Amino acid sequence: MPTPRPNDSSHTLTGHSGKVLAAKFLGSAFLVTGSHDRTLKIWDLKNRSCTETKFAGSSCNDLVTTDSFSFISGHVDKKIRFWDVRTADCTANDIPLQGKITSLDLSKDGKFLLSCVRDDTINLLDLRQNRIVRTFRNDNFKVGCDWSRVAFSPSSSRIAAGSADGSVYIWNINGPLETVLKDPNGAAVTAVSWHPFSSTLASVDRAKKCTIWSNA
């Protein structure tokens, strides 16, 4: 593996006072970051500066961008918040859930939002109605950490999430649990990612291991 060099990073954006858990591009010229300092910051990439700080009131664990102006954040206070860079405050009512929100993911068509929650559930929200339309759960599925990541498949027809026992659970978007990928020696799975052009899935766990699951 190549040794990182000091100039491999083109520039560094500093300004948060707590750890940064999420960063997403907001169009091509801006970046939005979410931190445990309870703020969200908008960065101008050309000028390498923070253009706005939004005060969320709660630590942010993840966020997604829906277009060049709008983004959605998930928080430790169990709420999903909606934002627009053209307005100062949240653009819609918060959506309260039943536990800390560990991660968010947006469907390919931008109509649905997944939220992984510390109460061991995954919620599917219809963004056209701003309401939960389905909840995924299983007696053996346990969210393993406060930053556990959930993911839509490339077609958005399936979802995957890692469990505290080292397994990866895959649900059909219409509700049924399709399969459980089990690693007998696995630690709590913290993140999953689908291959963009196949059913292959990657997962990482707290034991510093990455597992590739073919034909998931």
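In the predicted model, Asp146 has a relative accessibility of 26% and counts as partly exposed. The residue forms a salt bridge with Lys100, in which the closest N and O atoms are 3.4 Å apart. Asp146 is placed in the loop between strand 12 (131-136) and strand 13, whereas Lys100 belongs to the loop between strand 8 (95-96) and strand 9 (101-106); the pair therefore ties together parts that are 46 residues apart in sequence. Lys100, at 32% relative accessibility, is likewise classed as partly exposed. Salt bridges that share partners also join Lys24, Asp62 and Arg149 into one network.

Across the whole structure, the search finds 11 salt bridges. One of them pairs the side chains of Arg81 and Asp77, with an N to O distance of 2.6 Å. Arg81 has a relative accessible area of 6% and is buried, because the cut-off for this class is under 20%. Its partner Asp77 is partly exposed, with a relative accessible area of 29%.

A further salt bridge links the side chains of Arg86 and Asp84, where N and O are 2.7 Å apart. In this pair the arginine, Arg86, is exposed, its relative accessible area being 56%. Asp84, by contrast, counts as buried at 11% relative accessibility. The Arg86 and Asp84 pair thus brings together an exposed residue and a buried one, while the Arg81 and Asp77 pair joins a buried residue to a partly exposed one. In the pair formed by Asp146 and Lys100, Asp146 is partly exposed, and Lys100 is partly exposed as well.

Backbone geometry was also examined. Asp120 is not a glycine, yet it has a positive phi of about 70°. This residue is located in the loop between strand 10 (112-117) and strand 11 (121-126). A positive phi is also found at Ser156, another residue other than glycine, where the value is near 65°. Ser156 lies in the loop that runs between strand 13 (150-152) and strand 14 (158-162). With a relative accessibility of 14%, Ser156 falls under the 20% cut-off and therefore counts as buried. Strand 13 is thus bordered by the loop that holds Asp146 and by the loop that holds Ser156.

Notes: Residues numbered from 1 in each chain as written. Predicted model: local features only at pLDDT ≥ 70, side-chain atom pairs only at ≥ 80, totals over all residues. Heavy atoms only, no water. Helix = DSSP H or I, 4+ residues; strand = E, 2+ residues; numbered from the N terminus. Buried < 20%, exposed > 50% of the residue type's maximum accessible area, 1.4 Å probe, protein only. Salt bridge = Lys/Arg side-chain N within 4 Å of Asp/Glu carboxyl O.
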